[in-house]
Amino acid sequence: MKVIKNIFLWGSLLLVTSSYAFINDKDELKKFNWNGIEVVWMDEPSLPAYDVVIYFAEGALGDAEGKTGETHLALSLMGEGTRRYKREEIVDNLEYFGSSYSANVFHEYSTYRVSGLIKDLSPTMMKICHLFNEANFPEDELKKDKKRMISSLNQMIQDHSELVNRAFRNLTLKHTPFSRPVTGDLSSLNRITQHDLLDRLKFLKEKVKKKIYVNAPLKMTKELESIMVNNCRFVGNKNDFMRTTPETFGKQGLKKIHLITVPKSDKAEVRIGRVLNGDELNFPELSELSAGYLGGGFTSKLMEELRKKKGLVYSVSAYAAYQKYYGRAAIVTSTKDDQLEELLAAIQRVINETENGLIDDNDFNRIKNYMIGSYPFKFEKGSNYLDQLIFLDHIGKDYDQIKKYKGIMEKYTKLDVQRKIKEIFSWDNQLIIILGEKKLLEKLEKFGKVEVHSFEKFL
Amino acid sequence: MDTTKWKFFVLFILLTLLSCSSKGDKGLGYTFFGSKKNSDHLIDIKAYKYTLENGLRVIIHENHKLPIFSYYTFFDVGGRFEPNHLVGGTHFLEHMMFKGAKKYGPGSIENIVEGNGGFNNAYTSRDLTVYDNHMPAGNIEQIIDLEVDRMQNLLLEPVSFETERKVVLDERLRNYDSNPSNLLFLRMMEAIFEKTPYGRSVIGTSEEIKNIKREDMLKYFHANYAPNNAVIVISGDVNVSDVMKKITQMYGPLQASADLSQYKEKINQDKLYRHQGRYNRDIEINGINPYPMYILAYKGEKVGSRRGFALDILASILGSGESSYLNLEFVNSKKPVLNNIYAGHYALFKNGVFIIGGEMLPKQKLKPHKTKLISSLKKICNDQQFAMERAVKKIKNQYLVQMINQLKTNEGVAHFLGLEEIAYGDFEYYKKEFEIYNSITAAEVVSVCNELFSSDEHIFISIWAKHLNK
């Protein structure tokens, strides 16, 4: 059969198991310059597959006022049609090769990822270039897409976790451009026009600084370079636009409680957290370790207290994550309605005890070992490795940071963690956001003044 | 521990155990698509298999690129093995397997795993239970010791048992009772597999979870969690001979479960799993979703049958990707009626189900759509555009990409080999599967399509805020 014949053509590429040593092996990481665009190539000689990621130094912060979601739509709807091809022809062609292609838009930057089999790299990438050059976002297709997106937003009432995450972003980052969801909302999606998307894509392609990241056999370099230069016609200039610091915003104030009401629910989704900015963005590994101590893994303090001892929750986690200009720390969990008070009181107690120095040596060392030991798993897949490199480039850190991780983590003490938890997780500085039925109000008022919102406000 | 997440993952894997193959000779890593002279197989995963005297099967694949390894224990027991008074018990027991044994008491297992820089998890399906550890290299002996201890001497400590019952109830609430799409899937399984062990939910209802007794669970544990009912799969930075020495020494003394084969013969009788549902009916569930979601379910095939492989391809042609037939018909058509649609053939070990699921767009009516969908399916098989050779090739290409992506991690390799071993008794069976997939023609897909959709033996289950439960 033809499929087998095709496959045999690339048999010689494949010999042994893949994945990578850390980047200290210089042979595995090459840098090129294609028409002024920097290319980072991670050699993958043993798999017949590739990942190509195009980084754009612009994200949803650049969406026009009232048109949040514009960047996301411009990149993710390129395949809806061009002057030469209809939507169904484009998707059929790309899916025939088994290729994956998708946009991922953050507030500060965006990426477009294409992956598939090496034997199909050329036709797939040429088609993707065609989309970058010729996408015309046909009105009829755009109308259908917007209808689907709006329907999905309205249907979000069934996914309380996703819904409370949207509310958490909105409320923690209120009055900043980061509060808007990158994929748009009910009011913005309808305002975005075909013309907006054409302009946005043109801007991203022609004016914005780009960088290309590849995980593939090195022998594919010339072939891909030719496609990116001649088909995509990507050009890099030193004056290319880069999204930089937006307006600054103040530190998180005192504790506030918000209840997001939904109908017919007998559980409460809980998010407790805050925005991080300024000095709080320093020492991210320490923030990560501190969040990990509270809610990373199955032996964290919160998991121990809430699940193992009390059986109040199925899952609980904590994180401190950041981009270049802002970060957020949060505790994430959910429970039955009638256990909400007990849950909140227990979380408060764990935080208070920790910030007052009640940190057991064994617990501390175990969590630290867990975070150090599990770190290499982030690099097992080439595509995940690329994501780490993209992020380091975006925040302006050297790739050596990956090698330094263990040393940095090892030097932190219990006292460092205690101070960091006090700084970013202190109970009195958190936004407590609960999603559930209105009847929870009475329970929540025992913890302070409560602001009530309907879930619809966050769609 | 997360049944839902894994259930769909297993579904995915079972649907896509495809174009691949391996050989257990000496050597490292795996070879893709070696010359036809040496092998007809597209992927050759180098692994070693051993069977201990007590029946324990061990499969090891070396990969030295990163100093990490994944260690899986597959138990050939899942929800379908439960007696009526223990529905949900396999999954509950999965939770309890982390709650301490004789040597590694309460709290020790996770402390040791995480304290050594690793992480672990588990899942339960209708057919099997799987425990996984992912560790930095150098910890293999520790993991073997820990797994031997809990296979032999699980405590089921009473206080932890009651605390964990609350956790499982919370899981039920969170992942099923409050989740319309999962609830819809549960009800579909209940209906299509009515009166069979597959009709029960793996997690159990809240009432069933509340009624599980520790003594019954302990008895169930001793009957099923034994070396002759388990497969260990290790992939990563390990040395085969060193590991096998330790495994032989540490697992070797464990006693096989004496009555296992007799007991399994009874439970595995094909007649217990035959479809005997009531067909051509609608089930309506009240949910919180403002627009209806539905599943149209037909009788499927068990893992491994040729017709089942053809149904896999049929499902992908119908509902996998934006260019799939049903997507073009109902989602990306000139007048769309659905937000999304999918199709899948869920092949379990003893039987299967073929499903088509969708979510309505606002202002679109469910009943006329159902009529249109069923009528389209009846005509679809003879449509000129459908199941041409190119469409079949497209699906085979997609399967291949999925397969390669799966083999990019130790976790993916170990899980894949373990499923093959537990489903077919041969971790290399994927070679045969690949041959079958590649031999299936468009004409064969058209044939199973006609057979499936000309029948009125289907059940339509929907969930919607405006439905009453009926």
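Biologist: In this predicted model, which residues of α11(A) meet residues of α12(A)?

Modeller: On the α11(A) side they are A:K301, A:L302, A:E305 and A:L306. Their partners in α12(A) are A:L343, A:A346, A:I347, A:V350 and A:T354. To count as a contact, the C-beta atoms have to lie within 7 Å.

Biologist: And what makes residues in that contact nonpolar, polar or charged?

Modeller: It goes by residue type: Leu, Ala, Ile and Val count as nonpolar, while Lys and Glu count as charged. Thr isn't on either list, so it goes down as polar. The contact of α11(A) with α12(A) then divides into six nonpolar, one polar and two charged residues.

Biologist: Why are α11(A) and α12(A) called roughly antiparallel?

Modeller: Helix α11 (residues 301-309) and helix α12 (residues 340-355) of chain A cross at roughly 150 degrees, and their axes come within 10 Å. Angles over 145 degrees count as roughly antiparallel, so α11(A) and α12(A) earn the label.

Biologist: Is the crossing of α11(A) and α12(A) left-handed or right-handed?

Modeller: Right-handed. That name goes with a near helix turned clockwise from the far one.

Biologist: Then why do α10(A) and α11(A) count as roughly parallel?

Modeller: Helix α10 (residues 284-295) of chain A packs against α11(A) at an angle of about 20 degrees, and their axes are 3 Å apart. The cut-off for roughly parallel is under 35 degrees, so that label fits α10(A) and α11(A). Here A:Y293, A:L294 and A:G295 meet A:K301, A:L302 and A:M303. By class, that makes four nonpolar, one polar and one charged. The polar class takes in Gly.

Biologist: Over to chain B. How do you know that β9(B) and β13(B) pair, and in which sense?

Modeller: Pairing needs at least two bridges, and β9(B) has six with strand β13 (residues 458-464), in the parallel sense. For instance, B:R281 stands opposite B:I459 in β13(B).

Biologist: What makes a strand an edge strand in the sheet of chain B?

Modeller: The open sheet has five strands in the order β9-β13-β10-β12-β11, with mixed pairing. The edge strands, β9 (281-286) and β11 (338-347), each pair on one side only. From one strand to the next, the twist averages 15 degrees.

Biologist: Last one: how confident is the predictor in chain A?

Modeller: Confidence runs from 0 to 100, and chain A averages a pLDDT of 90, with 92% of the residues scoring at least 70. Residues 1-21 of chain A stay under 50, though. Among the elements of chain A, helix α1 (residues 2-9) has the lowest mean, 27, and helix α2 (residues 70-76) the highest, 98.

Definitions and conventions: Residues are numbered from 1 along each chain as its sequence is written. Chains are lettered from A and ligands numbered from 1 in the order in which they are written. This is a predicted model: local features need pLDDT of at least 70, side-chain atom pairs count only at pLDDT 80 or more; totals for chains, interfaces and linings use all residues. Helices (H or I, at least four residues) and strands (E, at least two) are DSSP runs, numbered from the N terminus. Two residues are in contact if their C-beta atoms, placed from the backbone, lie within 7 Å. Axes are lines fitted to C-alpha atoms, for helices over the stretch in contact, and angles run from 0 to 180 degrees between N-to-C directions. Angles under 35 degrees count as roughly parallel, over 145 as roughly antiparallel, 65 to 115 as roughly perpendicular and the rest as oblique.
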